[in-house]
Every structure is written in C-alpha cells, then in structure tokens.
Amino acid sequence: MQTILGFDSWLGGAGKFARIVPALRERGYRLVLLHIGSWGGDPGRPTKEFHDDLEIRDISYYGGRRFDEILAIEKPAAVLFLSNDVFAHRSFNRYSQLIGVPSIHLYHGMHGVQAVNSAEPFKVNLFSQIRYVLVRVPKALIHIWPCYVRALYKTGARKADWLRFFSDIINLARGKYIAHAAPDSLTSAACVYTHTDISHAVGKYGYRPEHVHVVGNPDIAAFGLTADQIAAAATVPNVQRPEIIYVDTGLIYAGMVYENAEDFFVHLCATRDALRMQGRTMSIKLHPQHFRTDFPDRLRAADIEVLGNDNFVPRLLQCAAAIVEPSTAALIPAVIGVPLLLARYGKLAAQAYGDVLLEYPRARLLDDPSRLNSLLQAEAVTMDANAVRAWITRNAGPLPAHLMPQRVAEVVHQLVQSSKENN
C-alpha cells in the first residue's frame, strides 16, 4: 500500500483523519498521522499510538530528523492537512511541494459561518491574547520558527517570503485576522464542506476554483443526523418548548472575547439565569477543547447540562431554539430547522457572523437574553418552511453526508494519479 501522510500540530483533529482511513484503504492507501505534540502543543503523547485504525506518530518517532528528512524516508504519495496557515504546516507543505508530493487541505469546518470578510471576525481580548502568546513563545523560539526558517532557506524562498514571515509573527502576536494566507499555505487542492466555502478557499488561499472540491459536511454524520431529521423542525413552530441549547465555539482557547474560563463561565451563568426568568432551561454543546479541563464539571455543578455527541441531535429535535456562536456546529440545529439566536450580548455584543448564518431564515440576533421569549414568538409568526428548506438545500452540502470520506479519497486518488503521470 502507498503511504499518505497526515500532518498536524496536535491530536485534537485525529478523529477527522481517522474517519477517512477506510475509504483511503479501499483505494490502496495507508494513512499515517504525523504530529508535533512533543514540541509543546500536546506533550506526553506516546511516540506511536493508534486512533481506531489510524496509526499516529509523534515527531519524536523519527529521532530528531527534520521534516524534509522524514519525507525522504516515508516517500508519501500525498500529504494531508486540516489547516495550513501556521508555520509548522507551511514548512511541511514547502518541502512537499519542492519534491513534487501533492498536498491537500481538508477544511475541518465551514468558514462561511464566520464573518471572514470582516476586518475583525472575533474581538481580541487583550489579557487573554497576551496569555495565549506567552504560552506559545518558548515553543516558537525552540522549534517552530527555526523549523520554518530552515524550510525557507532549503526551498529557496524569495525576499517576499522572508518579509511575510516577519509580518505574520507580528500579526499573530496581535491576534489580527489574516485575510489572505501566505503563498506557501496553498496546497495542490482543497476539500470544503459546501459550495459556500469555495469562495473562501479562492479568496484567502488563492486556489483556482477547479482545485476546490465540495465533499460534504461530516458533522451531519458524526452527530447521527438522519435524512428524515433534516428540516424536521421546520414544519411547526416550537416556541413553547422549554429547552434552549447553547452551542459554544471555544473562543477562550484562541485568545478571543473572554479573558479566561471564569469570564466565560460567568457569561453562561448569566444566560442561564435570564432564561430561567422566562421559564426556560439551558443546556450546552461545548467545544471539544473544554474536555481537557474541569470546565464541563463546573457547568454541571451550576445546573447547566452538558450535551454529548450522542444526545445533541435528539435534544435539538425537542428544543425551542439554539443560542449559537459562529461555529460549524451551529449548522446542525439549522439543518434540522431549529431557530438560531445569534449571540450578541455581554462580551459577545460586538460579535460578527458570516452570511451563511445571517441568511438562515430562522436566525435572529440576540442582543438581550431577557428578551428571548418575545424574539421567539415574533420569529414563529414569520416562519417560512419553504425558505428554510431552500436554505438547507444550499448549505447542507452533498448528501448523504456519510459518503464524505469516499469523496475525499477520490480527490486524493486523482491527485496521486495525476502526480505520477506528470513525473
């Protein structure tokens, strides 16, 4: 079997690689995930481990060898990334491109939910951003920046590439959103969830449209959403139901909006209290990063139920609405047809949202959680089931969603075959 290398900074995205292993195997490929967790992003991992059928190797597995040396050893047929606008990933991509190995950017979420055309999609919290940067400085000084500098030198970088390196350091330290990725972020092809993100791939990374492939939204399958549940809540207003589900996007882990976890906890408790005053209950779907901390336990102790992947969809089918932040997970209630309340209150008062969410017929801006009941009652009067179904058709992505891995495998296979023919 030919080897496909996945590359990532830590194991948070291992499941996203693991789900495409069977489809790649059917095509004659073996996927191995290489990560640099021991550099500081995910310390304490074994040198080699498995996630289902996915073989995972920390960079230490290779005994101090550099990225270009690892590529020479493995001779992969292709390289896969879940993101490609950070220095380590760009380094690996530069070496891959230099030796003619095709690389593919697998979008790990839907960017159309974010205000990517805004100068500030998320508000930077000064104290949180300082802490975010300081924690990462040792890793950058010891590993990341020397690695990237070596990649620039070894691949014959232009003056513009060196200047971009320094400007990116400054912008990242400031938490500034970078609207146009560096040239070495561009891979041979990209796979996006829906047609909406084609324009993002073209605008941010510089892909030609024919090199961007729409493969479907894997979250639909991951959360167990069935065909008969799509648009199931779009037929009858459900304003009288008590439960409101909050869908979190993990802003505190990116130095955004909240000063720290306590700041976010206070925000959620204030929301809980405002909903209780209106006869509502509150549960929450947390970003996965929270489960590396005691934050879920704190919420449970505060009488805020934490939902898992197994009961998220069943509870959405029974809730009155979802309060959401700009995340791909917000698409799940929308695809079901649930009203979306776009959080713009408290620390989120200035939060911007992408067109995908703003154009959802059942979306309303929530600037005061104490007005939730009146907002939902007004939305129920204007609900248009046909408009909701039309939006779902445009934004759910190719169906059935569970075939997303097969679509990705086909893109990979075609690139590998094309690379062989051209070399």
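Lys 285 lies over the face of Phe 312, and the distance to the ring centre is 5.8 Å. There is a second case of this kind: the charged end of Arg 298 sits over the ring of Phe 265, 4.0 Å from its centre. Before I go on, please keep in mind that this is a predicted model, and that the side-chain values I quote use heavy atoms, without hydrogens or water.

Next, the ring pairs. How many aromatic pairs are there? The count comes to 18 aromatic pairs. Let me take Trp 39 and Phe 67. Their ring centres are 5.7 Å apart and their planes meet at 15°, so this pair is stacked; the cut-off for that label is planes under 30 degrees apart. Where do the two residues sit? Trp 39 is in the loop between strand S2 (29-35) and strand S3 (48-51), while Phe 67 is in helix H3 (residues 67-74), so the pair ties together parts that are 28 residues apart in sequence. Both ends can be placed by accessibility as well. Trp 39 is buried, with a relative accessible area of 16%, and Phe 67 is buried at 3%.

Tyr 61 and Tyr 62 give another geometry. Their ring centres are 5.0 Å apart and the planes are at 75°, so the pair is edge-to-face. Is each of them buried or exposed? Tyr 61 counts as partly exposed, at 34% relative accessibility, whereas Tyr 62 counts as buried, at 4%.

Back to Trp 39 and Phe 67, which belong to a cluster. Ring pairs link them with Phe 7, Phe 81 and Phe 92.

Phe 92 takes us to helix H4, where it is one of the buried residues. H4 covers residues 87-98, which is 12 residues. From its first C-alpha to its last it reaches 16 Å, close to the 16 Å expected at 1.5 Å a residue. Of those 12 residues, 10 are buried, and the helix is mostly covered. Which residues are the buried ones? They are Phe 87, Ala 88, His 89, Arg 90, Ser 91, Phe 92, Asn 93, Arg 94, Tyr 95 and Ser 96. For anyone who wants to look at the faces of the helix, an α-helix has 3.6 residues a turn, so residues three or four places apart point the same way. After H4 comes Gly 100, whose phi is positive, near 80°.

That brings me to backbone angles. Two residues have a positive phi although neither is a glycine: Asp 52, at about 55°, and Asp 303, at about 65°. Asp 52 is in the loop between S3 and S4 and counts as exposed, with 65% relative accessibility. Asp 303 is in the loop between helix H10 (295-301) and strand S11 (305-307), and Asp 303 counts as exposed too, at 54%.

What kind of peptide bond joins Leu 399 and Pro 400? The bond is cis, with omega about 0°. Pro 400 lies in the loop between helix H15 (385-395) and helix H16 (404-422).

One glycine in a loop is also on my list. Gly 63 lies between strand S4 (54-58) and H3, and counts as exposed at 64% relative accessibility. Gly 63 and Arg 25 are 38 residues apart in sequence, and their C-alpha atoms are 28 Å apart in space.

Now a buried polar residue, Thr 271. Thr 271 lies in helix H9 (residues 261-276) and is buried, with a relative accessible area of 0%. What does its side chain meet? A polar contact of 2.8 Å joins the side chains of Thr 271 and Tyr 345. Leaving aside residues up to four places away in sequence, Thr 271 touches Met 282, Ile 323 and Tyr 345. Tyr 345 therefore turns up twice, in the polar contact and among the residues that Thr 271 touches, with buried Thr 271 at 0% on the other side.

Last, the cysteines. A disulfide is a covalent bond between the sulfur atoms of two cysteines. How many disulfides does the model have? The count comes to 0 disulfides, with sulfur atoms within 2.5 Å as the cut-off. As for the setting of two cysteines, Cys 191 is buried, with a relative accessible area of 2%, and Cys 319 counts as buried at 0%.

Technical notes
Residues numbered from 1 in each chain as written. Predicted model: local features only at pLDDT ≥ 70, side-chain atom pairs only at ≥ 80, totals over all residues. Helix = DSSP H or I, 4+ residues; strand = E, 2+ residues; numbered from the N terminus. Expected span 1.5 Å × (residues − 1). Buried < 20%, exposed > 50% of the residue type's maximum accessible area, 1.4 Å probe, protein only. Polar contact = N/O pair within 3.5 Å; in protein donor to acceptor, adjacent residues only side chain to side chain. Contact = heavy atoms within 4.5 Å. Phe/Tyr/Trp six-rings, centres within 6.5 Å; stacked < 30°, edge-to-face > 60°. Lys NZ or Arg CZ within 6 Å of the ring centre and 35° of its normal.
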